[in-house]
Amino acid sequence: MKIAIIGAGFAGLAAGFELVKKGHDVKIFERDPSPGGLAIGYKEKNWDWSLEKHYHHWFTNDKYILGLAKEINYRVIIKRPKTSVFVENNIYQFDSPITVLKFPLLSLVDRLRMGIIVGFLRYEPFWKVLEKYNAATVLPKLMGKKSYQMIWEPLFVNKFGKFSRNVSLAWFWARIQKRTPSLAYPAKGFLEFAKALVREVEAKKGKVFFQTEILELDGKNQTNLKIQYQNGEIENENFDKIIVTTPSFLFLKIAPTLPAKYKESLGKLKGLGATNLFLRLKKPFFREGTYWLNVCDKKAPVMAIVEHTNLIDKKYYDNEHLLYLGNYKASDDLYFKITKEELLKIFDPYLKRINPDYAKNIIDYQLFKAPFAQPIIPVNYSKILPSFKTPFENVFLANIEQVYPWDRGTNYAVELGQKVAKLVDNET
Ligand SMILES: Cc1cc2nc3c(=O)[nH]c(=O)nc-3n(C[C@H](O)[C@H](O)[C@H](O)COP(=O)(O)OP(=O)(O)OC[C@H]3O[C@@H](n4cnc5c(N)ncnc54)[C@H](O)[C@@H]3O)c2cc1C
């Protein structure tokens, strides 16, 4: 069967790999110059390894992507880094029952209560009963107002902005369930791992086209694609099946003849973009070795501060210390409009509270942006979750907004890719 896949992110690559293994004639079209989608990486000339434009790691229970790495014999590094919170101007390690129990800014009763609720959610297997509850309403009642307001509310507000009160308890449950103390990372970076997958697809006679954009998916002739190749040439080509892995708003853009009702249902899915101001430093930013810092301050200009080289050895990056300053924002937010210099100016006073000398150590910095990066998971999301099947008989959708109840991630992109490939293969 002749199959087109739109997007060489991890969903598209995983789907492509499954389908070439079954002997199908697969073409993957990617508008970027490299594979990896949201997990795409880049490499400075003096580095040995590439690095993601937005911070990335895996949990050690990310079985779909770790299974894929194993299948293609790709080396994975496992480390136990330090996760901390920034509360009232201080950093506290906050990544185990012991560190939570030692947290000094809450009373013992509050700490125990929070620990019991988090522990309950970690071992409670039934997310479905939780999805009708709003996390922002229920959590303060369960764990106590003080703990919620000090730790969790700022995280919801900083992550989801105006949507922070709409997020389902099932989403929070999933975050607690999935977190593992150790983290995994593909040797040489996500870009190299994605390139290894491209090689696997090509070795089985699949074709992957970069800087090649799908301009239109024709609804009248439901298996026709209008393709703009790297050299600017535009061609139309027919396929037996098409798998779309772009976010829904991009699917709607390239397929204008989709029925109005379906468009309306996909239009209900909301999401935020991501910005990462990325700093290359001569010296560490965190003096106590934190990898991931959650900023528990609703007024902070930055949501998470992630020192990649406290997870992965700096020797792979010419001994530079690599720091992400991450936020999720709507794609029309100020952070998407201003320059890297202007954004650093906004962050600077806050960063100096943590490390007063950091600015002296900057080698260079960049601003990376992704207009759609984080779906909003409201209560009862299962009722609006899009299915793989679309109103076009031979067109399938497998994208970031179908990941549920888990928070989106490359692991689930692989799961979706594998599942949609099975569905398509079964239809032959
Ligand atoms: C800030 C941030 C942090 C994250 N942290 C982690 C993490 O720690 N661990 C983790 O596992 N995941 C993390 N993720 C999530 C992860 O990156 C995504 O869930 C995953 O990469 C999604 O893969 P996908 O294939 O479904 O979609 P995408 O990666 O979005 O792939 C879709 C592809 O389609 C292409 N495309 C779009 N339109 C067209 C067109 N018209 N023609 C051709 N190609 C097109 C795009 O260029 C893109 O490559 C993070 C994401 C962000 C933004």
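**Backbone outliers and the contact between two domains**

Asn89 sits in the loop that links strand E7 (82-87) to strand E8 (90-93). The model is predicted. Phi of Asn89 is positive, near 70°, and the residue is not glycine. Asn89 counts as partly exposed because its relative accessibility, 41%, falls between the 20% and 50% limits. A second positive phi, near 55°, occurs at Asn380, also a residue other than glycine. Asn380 belongs to the loop between strand E19 (362-375) and E20. Its relative accessible area is 26%, so Asn380 too is partly exposed. Most residues other than glycine have a negative phi, and most peptide bonds are trans. The peptide bond between Tyr404 and Pro405 is cis, with omega about 5°. Pro405 lies in the loop that runs from strand E20 (395-397) to helix H13 (410-426).

The domain assignment divides part of the chain into two domains. Domain 1 is built from three segments, 2-50, 189-269 and 380-426. Domain 2 covers 96-178. The C-alpha centres of domain 1 and domain 2 are 34 Å apart. Nine residues of domain 1 and 13 residues of domain 2 take part in the contact.

The size of an interface is often given as the accessible area lost when the parts come together. For domain 1 and domain 2, the buried area is about 890 Å². Carbon and sulfur atoms give 52% of that area. On the side of domain 1, the residues that lose the most area to domain 2 are Pro405, Trp406 and Asp407. Together these three account for 53% of what that side buries. Pro405 is thus named twice here: in the cis peptide bond with Tyr404, and among the residues of domain 1 that lose the most area.

Polar interactions also cross the interface. Two salt bridges are found between domain 1 and domain 2. Six residue pairs are in polar contact between the two domains, both partners at pLDDT 80 or more. By class, the side of domain 1 that touches domain 2 holds five nonpolar, three polar and one charged residues.

Asp407 shares the loop between E20 and H13. Its relative accessibility is 10%, under the 20% limit, and Asp407 therefore counts as buried. The side chain of Asp407 forms a salt bridge with that of Lys159, at 3.9 Å from N to O. A polar contact of 2.3 Å links the side chains of Asp407 and Arg175. Another polar contact, at 3.0 Å, joins the side chain of Asp407 to that of Gln374. Apart from neighbours within four places in sequence, the contacts of Asp407 are Lys159, Trp171, Ala174, Arg175, Gln374 and Tyr412.

Asn134 lies elsewhere, in the loop between helix H4 (108-123) and helix H5 (135-143). A polar atom of the Asn134 side chain is 3.2 Å from the backbone nitrogen of Ala136. Beyond neighbours within four places in sequence, Asn134 contacts Arg165, Asn166, Val167, Leu169 and Val379. Asn134 and Ser387 are 253 residues apart along the chain. Their C-alpha atoms are separated by 24 Å.

Methods: Residues numbered from 1 in each chain as written. Heavy atoms only, no water. Domains from an automatic or database assignment. Contact = heavy atoms within 4.5 Å. Buried area = accessible area lost by both parts, 1.4 Å probe. Salt bridge = Lys/Arg side-chain N within 4 Å of Asp/Glu carboxyl O. Polar contact = N/O pair within 3.5 Å; in protein donor to acceptor, adjacent residues only side chain to side chain. Nonpolar A, V, L, I, M, F, W, Y, C, P; charged D, E, K, R; others polar. Helix = DSSP H or I, 4+ residues; strand = E, 2+ residues; numbered from the N terminus. Buried < 20%, exposed > 50% of the residue type's maximum accessible area, 1.4 Å probe, protein only.
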